[in-house]
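Student: I would like to take a close look at a single part of this protein and see how its surroundings fit together. Could you walk me through it slowly?

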Amino acid sequence: MSAFVRALVVAGAVVLNVPVNTAFAQDYPSRPVKIIVPFGAGGPADIFSRQIAQFLSENLKQSFVIENRPGAGSVIGTDAVAKSPPDGYTLLAMSNTHTTNESLIPNKPFTLMKDIVPVAPINYSDLVMVIHPSVPAKNLKEFIALAQSQPGKLNYASSGPGTPYHMAGELFKWMSKTDIVHVPHKASGEARNSVIGGHVQMMFDAITTMTPNVQAGQVRAIGTSGEKRSTILPDVPTVAEAGVPGYESTIWLGIMAPAGTPKPVVDKLNAAINAMMKQPELRAAWDKQGAVPMSMTPEQFGELLRKDIEKWATVVKVSGATAQ
């Protein structure tokens, strides 16, 4: 076959593939869709993914089911998605854990932006820095002074290497010049229970899930991680204003799919998720929890992912964070 004929065959295949993909998207989904959450139950990714699944089930008239596959800092569940057929029937619920892991865990069995494609972001929220009530510190400056006087003696919990809670802790250590030992857990619920039970002294947790524990007096909030104070914990200063100028760290969530998933399917899912983000009742409910809806095209979400990968690569390098 000549080069010219081969070129015509390839071009014809591309042209023919357009209506095939379009027709596929029109029928999609024709069977249940699985959303793999590579984190434990009870955390933000799990909670908000279940809300997404319920909305998509109602909007697209097909079941969207959640499957939790935690472990290895989200690598196990994410690898399962990366190796799934690219047909839109297996999706990934992800967070900035994934963009951090690109530099923190370089020998993963997948590459995020190569093996998985962006679909849509979901929301973002601040973190809250909490300590157990037994810790002899009433505010952030006192906690920093305590940590500096006892290097390596205090611990902080996270839901695993590369998670926003881990990286928020490492960024805090670097910027506050403290030596606090990272204690990774399998899920955010386990980490939360550890600090509530006093087994570890400190944790950065999503404000959406830890606020009830703060209000119940089970932990003491000494800082929030955003650029300005949280509307749901307005009496708690930001970490930046309380003693670590310039500190900022948030948790955000999104949906991705295996590379090769037809663009019309990605666009259909993106449109449905963006429609959910515009619902006034949802925005009001999330506002009370401290979560802010995000709405982007797949391309815009991809750009956010690339920038976040660069940001956390720098933090990993300067902080010396490891995937312990």
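Student: Which side chain is joined to that of Lys108 by a polar contact?

Tutor: Happy to help, and please keep in mind that this is a predicted model. The partner is Glu102: a polar contact of 3.0 Å joins the side chains of Lys108 and Glu102. Let us start there and work outwards.

Lys108 sits in the loop between α4 (96–104) and α5 (112–115). Is Lys108 buried or exposed? Its relative accessibility is 12%, and buried means under 20%, so Lys108 counts as buried. Leaving aside residues up to four places away in sequence, Lys108 touches Val75, Asn101 and Glu102. Two of these names will come back when we look at α4, where Asn101 and Glu102 are among the buried residues. Val75 will come back too, as one of the buried residues of α3.

Now look at α4 itself. Eight of its nine residues are buried, so the rest of the structure largely encloses this helix. The buried ones are Asn96, Thr97, His98, Thr99, Thr100, Asn101, Glu102 and Leu104. What does the covering? The elements over the buried residues of α4 include α3 (75–82), β3 (90–95), α5, α7, β9 (250–258) and α13 (298–319).

Let us take three of those neighbours in turn, beginning with α7. Two packed helices are described by the angle between their axes and the distance between the axes. For α4 and helix α7 (residues 164–176), the angle is about 60° and the axes are 9 Å apart. The two helices are therefore oblique to each other. On the α4 side, the contact is made by Asn96, Thr97, Thr100 and Leu104, and on the α7 side by Pro164, His166 and Met167. Sorted by class, this contact has three nonpolar, four polar and no charged residues.

Just beyond α7 there is a residue to pause on. Lys177 is found in the loop between α7 and β6 (181–184). Its phi is positive, about 55°, although Lys177 is not a glycine. Is Lys177 buried or exposed? Exposed means over 50%, and at 69% relative accessibility Lys177 counts as exposed.

The second neighbour is α13, and Val316 is a good residue to follow, since its place is in that helix. Val316 has 11% relative accessibility and so counts as buried. Not counting residues up to four places away in sequence, Val316 touches Thr100, Ser103, Leu104, Met167 and Ala321. You have already met some of these: Thr100 and Leu104 belong to the α4 side of the contact with α7, and Met167 belongs to the α7 side.

The third neighbour is α3, which is mostly covered, with seven of its eight residues buried. Those residues are Val75, Gly77, Thr78, Asp79, Ala80, Val81 and Ala82. The cover over them includes β1, β3, α4, α5, β4 (116–131) and β9. Notice that the covering goes both ways: α4 is part of the cover of α3, and α3 is part of the cover of α4. To get a sense of distance, take Thr78 and Val316: they are 238 residues apart in sequence and 21 Å apart in space, C-alpha to C-alpha.

Leading into α3, you will find Ser74 in the loop between β2 (64–68) and α3. Ser74 has a positive phi of about 85° although it is not a glycine. Ser74 is buried, with a relative accessible area of 3%. Set the two loop residues side by side: Ser74 is buried, whereas Lys177 is exposed, and a positive phi is found in Ser74 as well as in Lys177.

One last backbone detail belongs to a loop leading to β1, which is part of the cover of α3. Pro29 is found in the loop between α1 (3–27) and β1 (33–37). A cis peptide bond joins Tyr28 and Pro29, with omega about -5°.

So, back to where you began: Lys108 is in the loop after α4 and before α5, and its side chain is joined to Glu102 by that 3.0 Å polar contact. Glu102 is itself one of the buried residues of α4, and the buried residues of that helix are covered by elements including α3, α7 and α13.

Conventions
Residues numbered from 1 in each chain as written. Predicted model: local features only at pLDDT ≥ 70, side-chain atom pairs only at ≥ 80, totals over all residues. Heavy atoms only, no water. Helix = DSSP H or I, 4+ residues; strand = E, 2+ residues; numbered from the N terminus. Buried < 20%, exposed > 50% of the residue type's maximum accessible area, 1.4 Å probe, protein only. Polar contact = N/O pair within 3.5 Å; in protein donor to acceptor, adjacent residues only side chain to side chain. Contact = heavy atoms within 4.5 Å. Axes fitted to C-alpha atoms, helices over the stretch in contact; angles between N-to-C directions. Parallel < 35°, antiparallel > 145°, perpendicular 65-115°, else oblique. Nonpolar A, V, L, I, M, F, W, Y, C, P; charged D, E, K, R; others polar.
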